[in-house]
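Got the viewer open? Let's take a walk along the chain, one selection at a time.

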Amino acid sequence: MTNSPDDPQPADDPEAASADARLIAADRALTLLAIVSGVILLVGYSRLSGCFLRPVEVVRPADFLQTYRVDPNVAHEAELALLPGIGETLAARIVAEREANGPFERVDDLVRVRGIGRKTLERLRANVVVGPAFTRPAD
């Protein structure tokens, strides 16, 4: 009776067992090498292309600012950042000022925020409402 290639090797053949162990170790090494190479290529590509580093661009329709109103006493940073002349930095400062020193009683109180002067305040005036006339829907 002859052994076919699909038949398992006899357990008493130490050379065959050693060869199988070497093949298994080589398979593991090649698999690890393929995974590491893939990760290195992915990280390199993402850094070179900047695909994970691009900022999100906010597109505002032309008529958006005509209807957009926000109360700086209840608005989140993302909402404040949509105002004309206000970006992420000033939005964070508005929230920090509100939390540190209490609510704004009038629109003019926004000058308490570092970086908001009279020109910026005038740009904001049409889109900022302070007080009970403005209520924010529940989240």
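Start with the whole chain in cartoon view: from the N terminus on, the elements run α-α-α-α-α. That makes 5 helices and 0 strands. Keep in mind as you look around that this is a predicted model.

Before zooming in, switch on the surface. The accessible surface of the protein comes to about 10500 Å², and carbon and sulfur atoms hold 60% of that area. Of the 139 residues, 24% count as buried. As for how the chain meets itself, take the contacts with a separation of 6 or more: 43% of them are between residues 24 or more positions apart.

**Stop 1: a patch on the surface**

Select Leu32, Val36 and Ile40. Together they make a nonpolar surface patch of about 290 Å². Click on Val36, which sits in helix H1, residues 14–49. Is Val36 buried, partly exposed or exposed? Its relative accessible area is 41%, and partly exposed covers the range between 20% and 50%, so Val36 counts as partly exposed.

**Stop 2: helix H4**

Now select residues 88–101, which is helix H4. Try putting a distance between the C-alpha atoms at its two ends: they are 20 Å apart. With 14 residues at 1.5 Å a residue, the helix should span 20 Å, so the two agree.

Next, color the buried residues of H4: Leu90, Ala91, Ile94, Val95, Glu97 and Arg98. Turn the view until you look down the axis of H4. The buried residues fall within an arc of 160°, so they line one face of the helix. What do they pack against? Select 77–80 and you have the partner, helix H3.

Swing round to the face of H4 turned away from its buried side. There you meet the exposed residues Glu88, Thr89, Glu99 and Ala100. Then step off the end of the helix: H4 is followed by Gly102, which has a positive phi, near 90°.

**Stop 3: charged pairs**

Side chains of opposite charge can pair when their charged atoms come close. How many salt bridges are there to find here? The count comes to 4, and we'll visit some of them.

Begin with Arg106 and Asp109. They form a salt bridge whose closest N and O atoms are 3.2 Å apart. Asp109 counts as buried, because its relative accessibility is 13% and the cut-off for buried is under 20%.

Move on to Asp108, which forms a salt bridge with Arg125; here the closest N and O atoms are 2.7 Å apart. This pair links distant parts of the chain: Asp108 is in the loop between H4 and H5, while Arg125 is in the segment after H5, 17 residues apart. Both ends are partly exposed, Asp108 with a relative accessible area of 24% and Arg125 with 33%.

Keep Arg125 selected and add Glu122. Their side chains meet in a salt bridge too, at 3.0 Å from N to O. Glu122 lies in helix H5, residues 118–124, and at 47% relative accessibility it counts as partly exposed.

For the last view, show Asp108, Glu122 and Arg125 together: they are linked in a network of salt bridges. How far apart are Glu122 and Asp108 in sequence and in space? They are 14 residues apart in sequence and 9.1 Å apart in space, C-alpha to C-alpha.

Conventions:
Residues numbered from 1 in each chain as written. Predicted model: local features only at pLDDT ≥ 70, side-chain atom pairs only at ≥ 80, totals over all residues. Heavy atoms only, no water. Helix = DSSP H or I, 4+ residues; strand = E, 2+ residues; numbered from the N terminus. Expected span 1.5 Å × (residues − 1). Buried < 20%, exposed > 50% of the residue type's maximum accessible area, 1.4 Å probe, protein only. Arc of directions from axis to C-beta. Contact = heavy atoms within 4.5 Å. Areas by Shrake-Rupley, 256 points an atom, 1.4 Å probe, with all protein chains shown as cover. Patch = residues over 30% accessible without salt bridge, like charges linked within 9 Å, V, L, I, M, F, W, Y side chains within 5 Å.
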